[in-house]
Amino acid sequence: MSYDVIGFILDAVGKVLVAYTAIRVHYRVRKEHSIDEKVFTAMRREHVLGIIGISLIVIGVLLQLGDKVGY
């Protein structure tokens, strides 16, 4: 499998993770109607997922770019 394909897959998975975490945070706040320790704990976990998603996007783009440049 080429780096271009791997980069594309990582980029797509990262975007889905970032979108998922944003949707979950908004849903949780809307459902709970307040922000207590339980909501903060879930938001911290979703924050980590968002960072992982952003990292995957960056890695995916770099792999795609590296394949175009010739690395």
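**Exercise 1. Is Arg-44 buried, partly exposed or exposed?**

Solution. The model is predicted.
Step 1. Locate the residue: Arg-44 belongs to helix α2.
Step 2. Take its relative accessibility, which is 49%.
Step 3. Apply the cut-offs: buried means under 20%, exposed means over 50%, and partly exposed lies in between.
Step 4. Arg-44 therefore counts as partly exposed, at 49%.

**Exercise 2. State which residue forms a salt bridge with Arg-44, and classify that partner.**

Solution.
Step 1. The side chain of Arg-44 meets that of Glu-37 in a salt bridge, with 3.5 Å from N to O.
Step 2. A salt bridge requires a side-chain nitrogen of Lys or Arg within 4 Å of a carboxyl oxygen of Asp or Glu.
Step 3. Glu-37 has a relative accessibility of 51%, so Glu-37 counts as exposed.
Step 4. Arg-44, at 49%, counts as partly exposed.

**Exercise 3. Find how many salt bridges the structure holds, and describe the one formed by Lys-15.**

Solution.
Step 1. The count for the structure is two salt bridges.
Step 2. Lys-15 pairs with Asp-11, and their closest N and O atoms are 3.2 Å apart.
Step 3. Both residues are in helix α1, with their positions four residues apart, or about one turn of the helix.
Step 4. An α-helix has 3.6 residues a turn, so residues three or four places apart point the same way.
Step 5. Compare the classes of the two ends: Asp-11 is buried, since its relative accessible area is 10%, whereas Lys-15 counts as partly exposed at 49%.

**Exercise 4. Describe the span of helix α1 and list its buried residues.**

Solution.
Step 1. Helix α1 covers residues 3-32 and has 30 residues.
Step 2. From its first C-alpha to its last, α1 reaches 43 Å.
Step 3. At 1.5 Å a residue the expected value is 44 Å, and the span of α1 is close to that.
Step 4. The buried residues in α1 include Gly-7, Asp-11, Gly-14, Leu-17, Thr-21 and Arg-28.
Step 5. Just after α1, His-33 takes a positive phi of about 60 degrees.

**Exercise 5. Work out what Asp-11 and Gln-64 touch beyond their sequence neighbours.**

Solution.
Step 1. Place both residues: Asp-11 is in helix α1, and Gln-64 is in helix α2, which runs over residues 37-69.
Step 2. With residues up to four places away left out, Asp-11 touches Leu-56, Ile-57, Gly-60, Val-61 and Gln-64.
Step 3. With neighbours within four places left out, Gln-64 is in contact with Tyr-3, Asp-4, Gly-7, Phe-8 and Asp-11.
Step 4. For one of these partners, Gly-7, there is a polar distance to note: its backbone oxygen lies 3.4 Å from a polar atom of the Gln-64 side chain.
Step 5. A polar contact needs a pair of N or O atoms within 3.5 Å.
Step 6. On accessibility, Asp-11 counts as buried, because its value is 10%.

**Exercise 6. Identify the residues of the nonpolar surface patch and characterise Met-1.**

Solution.
Step 1. The patch is made by Met-1, Val-5, Phe-8, Ile-9 and Val-13, and its area is about 520 Å².
Step 2. Met-1 is placed in the segment before α1.
Step 3. The relative accessible area of Met-1 is 77%, so Met-1 is exposed.
Step 4. Ser-2 is also placed in the segment before α1, and Ser-2 counts as partly exposed at 33%.

**Exercise 7. Set separation along the chain beside C-alpha separation for four pairs.**

Solution.
Step 1. Tabulate the pairs.

| Pair | Apart in sequence | C-alpha to C-alpha |
|---|---|---|
| Ser-2 and Lys-15 | 13 residues | 20 Å |
| Leu-62 and Met-43 | 19 residues | 28 Å |
| Arg-44 and Ala-22 | 22 residues | 12 Å |
| His-47 and Ala-22 | 25 residues | 8.9 Å |

Step 2. Add the location of the α2 members: Leu-62 is in helix α2, and His-47 is in helix α2.
Step 3. Add their classes: Leu-62 counts as exposed, because its relative accessibility is 54%, and His-47 counts as exposed at 52%.

Technical notes
Residues are numbered from 1 along each chain as its sequence is written. This is a predicted model: local features need pLDDT of at least 70, side-chain atom pairs count only at pLDDT 80 or more; totals for chains, interfaces and linings use all residues. Side-chain values use heavy atoms; hydrogens and water are left out. Helices (H or I, at least four residues) and strands (E, at least two) are DSSP runs, numbered from the N terminus. A polar contact is a pair of N or O atoms within 3.5 Å; within protein, one must be able to donate a hydrogen and the other to accept it, and residues adjacent in sequence count only if both atoms are side-chain atoms. Contact means heavy atoms within 4.5 Å. Patches are made of residues with over 30% relative accessible area and no salt bridge: like charges are joined within 9 Å, nonpolar side chains (Val, Leu, Ile, Met, Phe, Trp, Tyr) within 5 Å. Accessible areas come from the Shrake-Rupley method with a 1.4 Å probe; for residues, only the protein chains shown count as cover. Buried means under 20% relative accessible area, exposed over 50%, partly exposed in between (1.4 Å probe, protein chains only). The expected span of a helix is 1.5 Å times one less than its number of residues.
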